[in-house]
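Please walk me through the contacts in this structure, between chains and between domains. Cover the areas, the charged and polar pairs, and the elements that take part.

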Amino acid sequence: MDDGYLEQFLSLFDQFDVLGAFWVNIQLTFWAALLSLVLGTVLAVMRISPVPSLRWAGSTYVTLLRNTPLTIIIVFCVLGLWGQLGVQLSPDFQTNFFRLAVVGLSVYHAAFVCEALRSGVNTVPVGQAEAARALGLGFWPAARLVILPQAFRGAIAPLGNVLIALTKNSTVAAAGSVAEASGLMLTMIEFRPDVILLIFFTFASGFVLIVVPLGLATTALSRRLAVAR
Amino acid sequence: MRARRLVALAAAATLGLAACSSGGGDDDTDAGAGGDATETSGGAEGTIRIGIKFDQPGLGFQDGSDYTGFDVDVARYVADALGYGEDQIEWVQAPSAQRENLLQNGQVDMIFATYSITDKRKEVVSFAGPYFVAGQDLLVAADDDSISGPEDLEGKNLCSVTGSTSAQRIKDEYAAGTNLLEQPGYAQCVTALISGAVDAVTTDDIILAGLAAVPANEGKVKVVGNPFSEENYGVGLPKDSDQCEAINEAITTMVEDGTWQELLDANVGASGYEPNADLNPPEPDACA
């Protein structure tokens with residue numbers, strides 16, 4: 001690899017806003033992680049609740065969303081919600097797509113968050129729930145005060161997996177007209193086929209750089225916060 | 001100075017590679033002929049792998065086990081001229097982002113897939129042709145007379161495919177007041193157009209004509225017919241290929257004997273689209 005080649009490759013970063021594109025992925029991941037954690041927790045509570053209709057609704061949601069390809073959900077958000085139903089989440093054209101993509105990513109990953117939390121609930125000994133009931137706590141106070149706090153601490157590793165998957169899945173937002181990394185990669189390949197492998201390598205390593213710390217952090221947290229039994 | 005030395009180096013490398021590959025090529029043909037002894041019009045032995053689009057109606061489209069479209073028919077004609085019968089052609093899907101790789105890795109022998117000849121691409125692959133000159137144009141609803149060119153897009157919604165040159169050109173030159181929706185494929189764009197979510201779809205005119213000629217879309221959309229760029233569709237070849245001359249000859253014959261026009265009409269004629277007559281049919285460039 002002589003200088004000319006390397007210089008040409010570096011000129012890519014002037015020509016295209018690579019860091020900006022990755023920043024969009026990080027923002028997508030952040031908002032979708034937040035929303036899917038909230039929605040997923042609600043779903044998990046529904047699935048362990050004593051009310052049959054809530055349990056049914058929760059498991060139907062999980063079955064439906066978990067088994068639908070994410071691309072279809074994102075494309076539906078754009079062509080269905082916006083295109084057919086006229087749903088506008090922002091007056092700004094591009095911001096609207098960003099928010100629709102966050103909604104799509106959130107509803108999809110909420111199903112996985114729900115299941116990860118349920119696996120956390122399974123780590124809580126039955127005696128804890130029985131003790132809570134013996135104290136006179138109803139279902140909701142027992143879930144909020146006794147079961148969920150322990151379930152979260154037991155579910156950090158699977159939740160971390162969901163977060164890692166979400167980070168990489170944020171590239172699917174390109175299907176929803178969000179200008180993020182994978183879309184930029186396609187543009188760069190279209191215009192600079194002479195350095196195609198280096199472009200690919202750039203984006204692959206970009207995601208490694210984002211995801212590896214996430215994995216290390218969740219592993220460390222799951223060790224530190226695990227409930228000693 | 002350095003540039004010239006590089007060119008000389010590249011030329012030397014190309015020659016060297018060409019010498020190697022002609023040797024390798026012979027081996028391939030022998031192996032192919034041993035496995036499958038097909039009797040064709042005194043043609044070449046073995047098979048030829050041709051890269052096409054599988055998802056572009058009117059140009060390169062997989063219809064069950066059948067392949068249809070202008071690119072596919074031109075590829076058949078050229079292959080026939082090179083001595084390969086229909087049953088010796090192996091169709092390979094060549095999505096836009098993978099075309100250079102497929103050629104460089106030797107996974108295809110040639111590509112007919114709305115492949116515009118550009119200088120950057122010429123650095124890594126070779127081209128024969130062009131066999132068609134397309135231009136970026138707009139697809140609008142059949143009853144929409146308010147859009148006659150990119151200047152009319154101010155404040156309107158426009159759809160194109162993520163990463164395409166068309167999307168980028170609109171962003172760079174016209175998008176100041178245009179809302180750009182980027183979708184993974186043109187089928188989604190047409191869906192958005194028919195539902196009224198966008199006012200226009202943009203890419204090369206012949207691709208738009210192919211979409212407009214799909215039975216499900218017929219009568220609902222139309223090509224504006226005011227192209228604002230020049231895309232020379234070439235036959236993508238590996239850098240070391242020695243087939244450019246033969247392909248160009250076949251293309252010239254195809255135009256002269258009227259087959260070119262016939263294939264065009266048969267594949268995209270239903271949309272009422274007429275190619276830019278000043279530039280079509282094109283004369284193949286000299287092989288480098």
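Between chain B and chain A, four residue pairs are in polar contact, both residues at pLDDT 80 or more; a polar contact is a pair of N or O atoms within 3.5 Å, where within protein one must be able to donate a hydrogen and the other to accept it, and residues adjacent in sequence count only if both atoms are side-chain atoms. On the side of chain B that touches chain A, the elements giving two or more residues are α3 (99-104), α4 (119-122), α5 (165-174), β10 (179-183) and α6 (186-194); helices (H or I, at least four residues) and strands (E, at least two) are DSSP runs, numbered from the N terminus. The largest share, five residues, comes from β10(B). By class, this side of chain B has eight nonpolar, 13 polar and seven charged residues, with Ala, Val, Leu, Ile, Met, Phe, Trp, Tyr, Cys and Pro counted as nonpolar, Asp, Glu, Lys and Arg as charged, and the others, Gly among them, as polar.

The model is predicted: local features need pLDDT of at least 70, side-chain atom pairs count only at pLDDT 80 or more, and totals for chains, interfaces and linings use all residues. Residues are numbered from 1 along each chain as its sequence is written, chains are lettered from A and ligands numbered from 1 in the order in which they are written, and side-chain values use heavy atoms, with hydrogens and water left out.

In the same pairing of chains, 28 residues of chain B contact 25 residues of chain A, contact meaning heavy atoms within 4.5 Å. About 2300 Å² is buried between chain B and chain A, 60% of it on carbon and sulfur atoms; buried area is the accessible area (1.4 Å probe) that two parts lose on being put together, summed over both. One salt bridge is counted between these chains, a salt bridge being a side-chain nitrogen of Lys or Arg within 4 Å of a carboxyl oxygen of Asp or Glu. B:Arg121 and A:Glu190 meet in a salt bridge at 2.9 Å, N to O.

Within chain B, the assignment gives domain 1 (46-132 + 229-269) and domain 2 (134-221), with bounds from an automatic or database domain assignment. Their centres, taken over C-alpha atoms, lie 25 Å apart. The two domains of chain B bury about 1100 Å², 61% of it from carbon and sulfur atoms. B:Pro57, B:Ser229 and B:Glu231 lose the most area in domain 1 to domain 2, together 43% of what that side buries. B:Glu231 also forms a salt bridge with B:Arg169 (3.3 Å, N to O).
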